[in-house]
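Here are some exercises to work through with the model open beside you. Try each task before you read its solution.

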Amino acid sequence: MYDERREIISKEEMEAAREHMLLCLEQMSQSGVKLFVDGQAVLPVEAVSKAVHENSPYMADYVLDASGMIEQVRFDKVTRW
């Protein structure tokens with residue numbers, strides 16, 4: 001994972017980012033938000049293991065319901081940019 005102020009984020013910072021993302025996704029999941037990686041339903045720990053690492057090719061998309069609440073978080077592999 002890159003930081004504009006420095007070129008590379010340390011292992012400790014990466015682990016902190018993983019832990020933070022896991023906590024956030026667990027809270028969302030407990031609130032009823034569905035999580036997907038490449039179109040497959042996953043648990044928060046599975047989403048983090050795929051999507052949070054250096055040079056991750058995954059992008060999160062937030063799907064809202066009619067009232068504007070998040071109902072899904074979809075991590076899809078970016079293949080072209």
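A warm-up comes first: α1 is followed by G32, whose phi is positive, near 105°. Helices (H or I, at least four residues) and strands (E, at least two) are DSSP runs, numbered from the N terminus. This is a predicted model, in which local features need pLDDT of at least 70 and side-chain atom pairs count only at pLDDT 80 or more, while totals for chains, interfaces and linings use all residues. Residues are numbered from 1 along each chain as its sequence is written, and side-chain values use heavy atoms, with hydrogens and water left out.

**Exercise 1. Check the length of helix α1 against its expected span.**

Step 1. Helix α1 covers residues 11-30, which is 20 residues. The expected span of a helix is 1.5 Å times one less than its number of residues.

Step 2. That rule gives 28 Å for α1, and the C-alpha atoms at its ends are 28 Å apart, so the two values agree.

**Exercise 2. Find which residues of α1 are buried, and what covers them.**

Step 1. Buried means under 20% relative accessible area, exposed over 50%, and partly exposed in between (1.4 Å probe, protein chains only). By this rule M14, L25 and M28 of α1 are buried.

Step 2. Looking down the axis of α1, you find its buried residues within an arc of 55°, so they line one face of the helix. The arc is that of the directions from the helix axis to the C-beta atoms.

Step 3. On the other side of α1, the exposed residues are E12, E19, H20 and Q30.

Step 4. The cover over the buried residues of α1 includes β1 (34-37), α2 (44-51), β3 and β4.

**Exercise 3. Locate the salt bridge of E15 and say where its partner lies.**

Step 1. A salt bridge is a side-chain nitrogen of Lys or Arg within 4 Å of a carboxyl oxygen of Asp or Glu. The count by this rule is one.

Step 2. E15 meets R18 through their side chains, at 3.3 Å from N to O. Both residues lie in α1, three residues apart, about one turn of the helix.

Step 3. An α-helix has 3.6 residues a turn, so residues three or four places apart point the same way.

Step 4. E15 is partly exposed, at 37% relative accessibility, and R18 is partly exposed too, at 27%.

**Exercise 4. Work out the strand order of the sheet and how its strands pair.**

Step 1. Two strands pair if DSSP finds at least two bridges between them. The result is an open sheet of four strands in the order β2-β1-β4-β3, with mixed pairing.

Step 2. β2 (40-41) and β3 are the edge strands, each pairing on one side only.

Step 3. β3 (residues 58-64) and β4 (residues 70-77) are antiparallel, with seven bridges, whereas β1 and β4 are parallel, with four bridges.

Step 4. Q72 of β4 is the bridge partner of V63 and also of K34.

Step 5. In the hairpin of β3 and β4, five residues stand between the strands, and G68 takes a positive phi near 90°.

**Exercise 5. Is V73 buried or exposed, and which residues does it contact?**

Step 1. V73 belongs to strand β4. Its relative accessibility is 1%, so V73 counts as buried.

Step 2. Contact means heavy atoms within 4.5 Å. Leaving aside neighbours within four places in sequence, V73 contacts M28, V33, K34, L35, F36, A60, D61 and Y62.

Step 3. The C-alpha atoms of V73 and L25 are 8.8 Å apart, although 48 residues separate them along the chain.
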